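Work through the following exercises with the coordinates open, and try each task before reading its solution.

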Amino acid sequence: MKHFFFSLQPRERLMGLAALLVAALLWSTGAWARVQGSWDDWRALEEDALVQKSWIAKEREIRNATALAVQGLDSGHGYDQAKLVAEAINATNEAGLSANTESPKTTKAGKFAIHSLQMRCSKADLASVLRFYESVKSRAPYLAIGNLSMTAERGSAGTVTFKATITALELLGQIPSGVKAAEAEEGK
């Protein structure tokens with residue numbers, strides 16, 4: 001290799017060295033990017049670990065807050081999918097609205113079931129929307145409005161189309177034992 005290099009013209013040697021330097025530069029920048037990416041990943045993992053440690057440290061506080069939140073809930077009460085649809089339609093009728101609904105979706109987590117219903121009302125005046133809000137608010141804590149959005153109707157002054165997600169909570173069994181234990185500790 002050495003013999004081949006020195007048999008080249010000086011101009012060819014210079015171009016070969018320049019090509020070698022460019023290749024070394026490209027390799028080193030790629031290596032640096034990989035090292036820096038690994039370092040950033042490591043720091044992100046450390047930050048995630050700190051966040052997880054802080055949540056673990058707040059376990060007692062979270063259990064107590066859960067106990068307070070669940071305290072007013074009764075076992076077997078709440079709204080299942082059919083009752084959710086019925087209550088949402090009743091709330092819209094009380095407000096003087098007509099709604100289009102999609103079929104509800106259910107998410108189960110332990111002793112709780114959370115049912116979500118997408119609904120849409122066209123050509124609604126703001127007073128009716130406020131009456132609807134108050135009607136749903138009176139059914140709390142088992143029924144709530146989420147993701148409410150309103151869009152002005154074109155050509156109709158003072159009317160809107162609003163979309164909302166109505167969420168219902170259903171307690172499937174008894175209050176979880178961990179929550180009862182936290183309630184007992186809180187009472188001491």
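**Exercise 1. Decide whether Phe132 is buried or exposed, and find its aromatic partner.**

Solution. In this predicted model, Phe132 has a relative accessible area of 1%. The cut-off for a buried residue is under 20%, and Phe132 therefore counts as buried. For the second part, aromatic rings pair if their centres lie within 6.5 Å, and by this rule the count comes to one aromatic pair. The pair is formed by Phe132 and Phe162, with 5.5 Å from centre to centre and 50 degrees between the planes. Planes under 30 degrees apart would be stacked and planes over 60 degrees apart edge-to-face, so the arrangement of Phe132 and Phe162 is classed as tilted. The pair links distant parts of the chain, since Phe132 belongs to helix α5 (residues 126-137) and Phe162 to strand β5, 30 residues apart.

**Exercise 2. Describe the surroundings of Phe162.**

Solution. Begin with the location: Phe162 lies in strand β5, which covers residues 159-171. Its relative accessible area is 0%, so Phe162 is buried. Next, set aside the neighbours within four places in sequence; the residues then in contact with Phe162 are Leu97, Met119, Arg120, Cys121, Ala124, Val129, Phe132, Leu148, Ser149 and Met150. Finally, take one of these residues, Arg120: its C-alpha atom is 5.8 Å from that of Phe162, although the two residues are 42 residues apart along the chain.

**Exercise 3. Which contacts does Thr161 make, and is Thr161 buried or exposed?**

Solution. Thr161, which is also placed in strand β5, has a relative accessible area of 11% and is therefore buried under the 20% cut-off. Leaving aside neighbours within four places in sequence, Thr161 is in contact with Arg120, Cys121, Ser122, Lys123, Ser149, Met150, Thr151 and Glu153. A comparison of the two lists shows that Arg120, Cys121, Ser149 and Met150 are found in the contacts of both Phe162 and Thr161.

**Exercise 4. How is strand β5 joined to strand β4?**

Solution. Strand β4 (residues 143-152) and strand β5 run antiparallel and are joined by eight bridges. To fix the register, note that Ala144 stands opposite Thr167 in β5. The two strands form a hairpin with six residues between them, and Gly155 in the turn has a positive phi of about 85 degrees.

**Exercise 5. Which residues does Thr92 touch?**

Solution. Thr92 is placed in helix α4 (residues 81-94), and with a relative accessible area of 1% it is buried. Not counting residues up to four places away in sequence, Thr92 touches Leu97, Ala99, Met119, Cys121 and Phe132. Of these, Leu97, Met119, Cys121 and Phe132 are also among the contacts of Phe162.

**Exercise 6. Place these local results in the whole chain, and then turn to its surface.**

Solution. The protein chain has six helices and five strands, in the order α-α-α-α-β-β-β-α-β-β-α along the sequence. Buried residues make up 23% of the 188 residues. Among contacts with a separation of 6 or more, 67% come from residues 24 or more positions apart. On the outside, the chain exposes about 13,300 Å², of which carbon and sulfur atoms supply 60%. One nonpolar surface patch of about 400 Å² is made by Trp39, Trp42 and Leu45, and Trp42 is located in helix α2 (residues 10-57).

Definitions and conventions. Residues numbered from 1 in each chain as written. Predicted model: local features only at pLDDT ≥ 70, side-chain atom pairs only at ≥ 80, totals over all residues. Heavy atoms only, no water. Patch = residues over 30% accessible without salt bridge, like charges linked within 9 Å, V, L, I, M, F, W, Y side chains within 5 Å. Areas by Shrake-Rupley, 256 points an atom, 1.4 Å probe, with all protein chains shown as cover. Salt bridge = Lys/Arg side-chain N within 4 Å of Asp/Glu carboxyl O. Helix = DSSP H or I, 4+ residues; strand = E, 2+ residues; numbered from the N terminus. Buried < 20%, exposed > 50% of the residue type's maximum accessible area, 1.4 Å probe, protein only. Contact = heavy atoms within 4.5 Å. Pairing = 2+ DSSP bridges. Phe/Tyr/Trp six-rings, centres within 6.5 Å; stacked < 30°, edge-to-face > 60°.
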